[in-house]
Amino acid sequence: MSLPAKKEAPAVADRGASVIVAGGTSDSHTWNLVFLQLLLEEMGFEVVNLGPCVPAELLIAESLARRPALLVVSSVNGHGYQDGIRMISKLRERAELAAVPAVIGGKLGISGGQSAEQLAELVNAGYDAVFDDGAEGIASFQRLLDSLPQRVLT
C-alpha cells in the first residue's frame, strides 16, 4: 500500500540534484540500498548512498549539504515504522529541509504490513509517500521516480 503525498506537489530540486538513499537507524541491511542506488542511477539520477544504520544527524547534514531531489529511507529489518518516525521528525525540525521530498518504504513492521493509521502517521510525521514491500508499493515507487526530473547525462 502506498499513501499519496500529503502535499499537492512535492518540491523538487534542480535537474542535477542528487537522490539520497539511507537505511533506518537500526537497519544493518545493505542489499536494498544497493538495489535502490542501481535503479536510480539507471534512471539517470546521481545517488548518494549513506548506507545502513544511518543516524538522523548524518541524514540531516547530508540533506543540508546536497539539497536532494528526493530522500529515500529503506527498511528490511521490520523496524522502518519506528526508525522512520524518528528520522523524519528530526529532519523536518529543520526549516531548511521542510520542502525536501522524502519517502519511506520496505518492511515497515515486524508482523507484516502496517495499518492504514500507521501509514498515515508516517505521512503526518513528514514523509511525502509511504511504500510497502509488496508489488503495488514497488509500482507506486516507480511511478514517483518517473515523475521526478532526471539529470542530464553528459
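This note comments on the fold, one arginine and one aromatic pair in a predicted model.

1. Overall architecture. The chain contains five helices and six strands. Read from the N terminus, the order of these elements is β-β-α-β-α-β-α-β-α-β-α.

2. Burial and contacts. Of the 154 residues in the chain, 47% are buried. Among contacts with a separation of 6 or more, 82% join residues 24 or more positions apart. The chain exposes about 7400 Å², and carbon and sulfur atoms supply 56% of that area.

3. Arg92. This residue lies in helix 3, which spans residues 80-92. Arg92 has a relative accessible area of 17%; it therefore counts as buried, since that class covers values under 20%. The side chain of Arg92 reaches two backbone oxygens: that of Gly126 at 2.8 Å and that of Ala98 at 3.5 Å.

4. The aromatic pair. A search of the whole structure yields one aromatic pair. The ring centres of Phe131 and Phe141 are 5.4 Å apart and the ring planes stand at 70 degrees, so the arrangement is edge-to-face; the cut-off for that class is over 60 degrees. The pair links distant parts of the chain, with the two residues 10 residues apart: Phe131 belongs to strand 6 (residues 129-132), and Phe141 to helix 5 (residues 135-147). Both Phe131 and Phe141 are buried.

Key: Residues numbered from 1 in each chain as written. Predicted model: local features only at pLDDT ≥ 70, side-chain atom pairs only at ≥ 80, totals over all residues. Heavy atoms only, no water. Helix = DSSP H or I, 4+ residues; strand = E, 2+ residues; numbered from the N terminus. Buried < 20%, exposed > 50% of the residue type's maximum accessible area, 1.4 Å probe, protein only. Polar contact = N/O pair within 3.5 Å; in protein donor to acceptor, adjacent residues only side chain to side chain. Phe/Tyr/Trp six-rings, centres within 6.5 Å; stacked < 30°, edge-to-face > 60°. Contact = heavy atoms within 4.5 Å. Areas by Shrake-Rupley, 256 points an atom, 1.4 Å probe, with all protein chains shown as cover.
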